[in-house]
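User: Could you take a close look at one strand in this structure for me? I would like to know how it sits among its neighbours and what its surroundings look like.

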Amino acid sequence: MLSVRSASALARTIVAAIIVVSTAAAATAAPAPDFPKPIGRVNDFAGVLDESAERELVTLLESLERETSAEVAVATVVSLDGMSVEEYANKLFSAWGVGKKGKDNGVLVLVAPTERQMRIEVGYGLEGLLPDGLTGSIIREEFVPAFRNGNYQAGILSGVRRVAGLIGRNERLVAEADGTSNARPTDVVPRWVSVLFLGLFVSLGAFIAGIGMGAKLVTWVLAGTAASGLIFALSWVIAAFPALGQLPFAAAAMWLGVRMTRSNEFLASVRGRRKTGGWVMSDGSSGSGSSDGSGGSFGGGGSGGGGASGRW
């Protein structure tokens with residue numbers, strides 16, 4: 001049977017964990033943007049392709065799909081609706097379902113001319129063939145030089161031809177052979193490594209929140225919860241569902257923080273005095289409560305966030 005003190009600690013831990021998760025959800029959740037519907041493999045909503053170029057791309061991509069079953073979608077957009085190019089591309093990829101369901105062999109080439117940003121979003125099934133470093137190299141070598149000269153049509157034609165050629169040959173190019181040794185560090189660090197590293201800080205924030213719960217320090221709870229929520233949100237942007245693996249460790253860290261406050265010596269070092277029953281906003285003030293202050297025509301494939309982005 002749990003003692004009253006243990007039950008109280010458990011209840012506080014659960015409440016704090018709910019706060020952390022709710023904060024993270026609020027940070028990452030946003031109203032679903034009203035994405036345009038796909039009109040085919042080439043969707044020139046920004047109007048940078050002429051009819052001849054669009055026909056060439058459609059023919060190329062339809063032929064590629066017949067030969068390999070891979071789906072490559074091209075989209076130019078007027079605006080990213082306030083999102084980063086990475087977030088917009090990932091959500092548009094999911095909304096359209098680029099790639100065959102079960103194979104996840106889709107690629108989305110997204111270009112936002114007005115915002116001078118682009119991304120190649122790669123489905124799970126093609127990440128081995130088109131790793132982040134290689135897609136970054138394609139952007140720098142094929143797309144960006146023409147884009148800097150204002151020739152979006154030439155850049156898109158050149159870049160999409162190369163992407164289609166790699167998929168068609170089904171070759172995996174090593175970094176030395178393709179010049180991807182110059183890829184930026186963000187292109188080559190695996191997402192799981194980033195999530196693991198950020199998970200340490202998520203757990204640290206939860207630990208601080210746990211100490212605040214046990215010591216009844218409102219500022220510690222708020223600071224720890226905010227830190228965990230923001231870093232978890234960043235992990236979610238990087239890897240989506242794999243970031244959920246951080247939550248058990250964060251809960252354990254929070255529990256440990258609560259338990260450590262059972263030591264009066266430790267509690268005194270945190271609060272500057274012996275443990276009392278009231279909540280405090282800071283080390284020097286106490287109180288009994290809060291302060292008085294303030295789909296389309298694609299096959300349903302999925303993407304894990306692989307690919308690369310470019311700016312010019």
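Analyst: Happy to help; here is a walk around strand 2 and the parts next to it in the chain.

Please keep in mind that this is a predicted model. Strand 2 covers residues 71-76, and six of its six residues are buried, so the rest of the structure largely encloses it. In a regular strand, side chains alternate between the two faces of the sheet. Here both faces are covered: E71, A73 and A75 are buried on one side, and V72, V74 and T76 are buried on the other.

Strand 2 has a parallel partner in strand 1 (residues 42-44), with three bridges between them. Within this pairing, D44 has T76 as its bridge partner. The chain gets from strand 1 to strand 2 by way of helix 2 (residues 51-68), in a left-handed β-α-β crossover.

Strand 3 (residues 106-112) also pairs with strand 2 in the parallel sense, over six bridges. There, E71 is bridged to G106. The connection from strand 2 to strand 3 runs through helix 3 (residues 85-96), and this β-α-β crossover is right-handed.

E71 also belongs to a salt-bridge network with R41, E65 and K100. Within it, the side chains of R41 and E65 meet at 3.0 Å, N to O. R41 lies in the loop between helix 1 (4-28) and strand 1, while E65 is in helix 2, so this pair ties together parts 24 residues apart in sequence. R41 is itself buried, at 12% relative accessible area.

Terms used:
Residues numbered from 1 in each chain as written. Predicted model: local features only at pLDDT ≥ 70, side-chain atom pairs only at ≥ 80, totals over all residues. Heavy atoms only, no water. Buried < 20%, exposed > 50% of the residue type's maximum accessible area, 1.4 Å probe, protein only. Helix = DSSP H or I, 4+ residues; strand = E, 2+ residues; numbered from the N terminus. Pairing = 2+ DSSP bridges. Right-handed = clockwise from strand over helix to strand, strands pointing away. Salt bridge = Lys/Arg side-chain N within 4 Å of Asp/Glu carboxyl O.
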